[in-house]
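Q: Please take one part of this structure and look at it closely. Then explain how other parts of the chain are put together, in terms a first-year student can follow.

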Amino acid sequence: MAAASSSDSDSGRAESEASSKWLDAHYDPMANIHTFSSCLALADLHGDGEYKLVVGDLGPGGQQPRLKVLKGPTMLTESPLPALPASAATFLMEQHEPRTPALALASGPCVYVYKNLRPYFKFSLPQLPPNPLEQDLWNQAKEDQIDPLTLKEMLEGIREKAEVPLSVQSLRFLQLELSEMEAFVNQHKSRAIKRQTVITTMTTLKKNLADEDAVSCLVLGTENKELLVLDPEAFTILAKMSLPSVPVFLEVSGQFDVEFRLTAACRNGNIYILRRDSKHPKYCIELSAQPVGLVRVHKILVVGSNQDSLHGFTHKGKKLWTVQMPAAILTMNLLEQRSRGLQAVMAALANGEVHIYRDKTLLNVIHTPDAVTSLCFGRYGREDNTLIMTTRGGGLIIKILKRTAVFVEGTGEVGPPLAQATKLSVPRKTRLYVDQTLREREAGIAMHRTFQTDLYLLRLRASRAYVQALESSLSPMSTTTREPLKLHAVVQGLGPTFKLTLHLQNTSTARPVLGLQVCFLYNEALYALPRAFFKAERPQGATQKELEVLLKDRGLQDLLLPNCSC
């Protein structure tokens, strides 16, 4: 019985693997990796075509942070970090060969830059001016004018009321016991007060080209409610922007030298959008809960909140949709399958599932043995579509997307039609189109006035022609409402003798026309008619043949009225 149950479970597992879109490449529950999605990066660090995994590891319990580099399932290098990592990113610093990317790791107030996994540069955030009241208190302590207990009480009062936060030195002093305060004051009272902010988030922004291998700038978010853009070569500050709150998630689009847009999710529960040459946010998205993730999919911002929901917004802040999750969202990241032009959002949930969404449509669900705390999708090793996950217990999961896998919509909630996501084949703008567009922008009012003038002239000419036709009786239809008649004349011949054929028709289907007379008005000096006046009626009992003979006797044999009613 045990063997039978084991075989049944093995066959069921084989069937589930066959129907899955993912291949299980590696799973190590004892990998001892504790990190977030922002501290994971994939890059070809040595230029050999072999992509490595860079991990800013927090360490167990937030102790002993380390920088780890993995090649496949094995650890390649490991080095200690001076502080907890906030974010990791890879970028190209220059166009020179060989085109190997650099690794940037944000930790505390510094950004550590590595090339070929060797320390290359250290960028430190500029120091901030200290609180003047705090500076005055430490000067008094230096001259032994106040005791440590009084210093502590006054520093606590400043911390509660002052807008400028205290320095690290004062914060450490406030955490000490009474017996340790005097030794700390004697050791630090001669040192200058330094107030240093720290980095909370980091990402990269293309410098002047949108190519994948283009030079990129580093964008830093700081605890001082600022965004800094760094030069990729000199590491100087190219731009500085202010925010109403501390940024925790960043998304960028565009190029720094052309046009770009920065989106920052902050601790106050709002999302701010900044554009080029703007020192302050241009748009603001107010959320009803704290954001736990921010991902940009094409032109849509997907935000995860701690109310177990995903929200879609435009780049101007208009809300598009909301999807409720079955559990709390732990982390989010972007899934981009370039071979099929697919971009989707991955959301790791607390129930051990990873949901993949395109807009509000659920594409796939991945079940994991433990809750996932970080996600990363991209090229790893020599496989283009690799999903790397770390779990809450420190495990490492590596899955590879099958080459035949196709994400079919319709397994989740109903979303927009497929035709809406299809890109239109818009032709490239020609020089003539650009010149015409500029001319329309510059002379739009004059062009509109000219068009209106021509339109009114056309209407006036049409009205005059219509009145002239009525006055000269050129219209084939009767202008009176008494008799619904239609008269059409045809001239046959070019010489001095010609025939005039008249077609007179009663257009009414319910009322006959009686007592109708036909009169010819002409210049007697030029024309001669046998008879200029006659009655247009059929004699009683006369047939068509008799009517033709009668008109022939009158000299009007061409005046045949086949549709005339009597």
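A: A single pair of residues is a convenient place to start: S305 has S309 as its bridge partner, and S309 belongs to strand 20. The model is a predicted one, and what follows describes that model. The pair is part of a longer match, in which strand 19 and strand 20 (residues 309–313) run antiparallel and are joined by five bridges. The two strands make a hairpin with three residues between them. In that turn, D308 has a positive phi of about 60°.

Strand 19 also has a partner before it in the chain. Strand 18 (residues 291–297) pairs with strand 19 over six bridges, again in the antiparallel sense. Within this pairing, G293 is found opposite G304 of strand 19. Here too the two strands form a hairpin, this time with two residues between them. The turn contains H298, whose phi is positive, at about 55°. Strand 19 is thus paired with strand 18 and with strand 20.

The next point is how far strand 19 is covered. A residue counts as buried when its relative accessible area is under 20%. Six of the six residues of strand 19 (residues 300–305) are buried, so the strand is largely enclosed by the rest of the structure. In a regular strand, side chains alternate between the two faces of the sheet. In strand 19, I300, V302 and G304 point one way, while L301, V303 and S305 point the other way. Residues pointing in both directions are buried. For the protein chain as a whole, 39% of the 566 residues count as buried.

Other strands can be read in the same manner. The protein chain has 32 strands, along with nine helices. One group of four strands makes an open sheet in the order 2-3-4-5, with antiparallel pairing. Its edges are strand 2 (40–43) and strand 5 (74–80), each of which pairs on one side only. From one strand to the next, the twist averages 20°. Inside this sheet, strand 3 (residues 52–57) and strand 4 (residues 66–71) are paired by five bridges. V55 has K68 of strand 4 as its bridge partner.

A second open sheet has four strands in the order 6-7-8-9, and its pairing is antiparallel as well. Strand 6 (85–91) and strand 9 (118–124) are at the edges with a single partner strand each, so one side of each has no neighbour in the sheet. Strand 6 is joined to strand 7 (residues 102–107) by six bridges. One matched pair is F91 with A102, the latter in strand 7.

Parts that lie far apart in the sequence also meet. C376, in strand 26 (residues 372–380), is an example. Its relative accessible area is 8%, which makes C376 buried. C376 and L42 are 334 residues apart along the chain, yet their C-alpha atoms are separated by 8.0 Å. Leaving aside neighbours within four places in sequence, the contacts of C376 include L40, L42 and N333. Across the protein chain, among contacts with a separation of 6 or more, 44% are between residues 24 or more positions apart.

A helix offers a contrast in how covered residues are arranged. An α-helix has 3.6 residues a turn, so residues three or four places apart point the same way. In helix 5 (residues 178–188), the buried residues are M181, F184, V185 and H188. Seen down the axis of helix 5, these buried residues fall within an arc of 100°, so they line one face of the helix. S179, E182 and A183 are on the other side of helix 5 and are exposed. The cover over the buried residues includes helix 2 (132–142), helix 3 (148–161) and helix 4 (168–174).

Helix 3 deserves a separate word. The axes of helix 3 and helix 5 come within 9 Å and cross at roughly 95°. The two helices are therefore roughly perpendicular to each other. Where they touch, P148, L149, L151 and K152 of helix 3 meet L178, M181, E182 and V185 of helix 5. Of the residues in this contact, six are nonpolar, two are charged and none are polar.

Note on methods: Residues numbered from 1 in each chain as written. Predicted model: local features only at pLDDT ≥ 70, side-chain atom pairs only at ≥ 80, totals over all residues. Heavy atoms only, no water. Buried < 20%, exposed > 50% of the residue type's maximum accessible area, 1.4 Å probe, protein only. Arc of directions from axis to C-beta. Contact = heavy atoms within 4.5 Å. Axes fitted to C-alpha atoms, helices over the stretch in contact; angles between N-to-C directions. Parallel < 35°, antiparallel > 145°, perpendicular 65-115°, else oblique. Nonpolar A, V, L, I, M, F, W, Y, C, P; charged D, E, K, R; others polar. Pairing = 2+ DSSP bridges.
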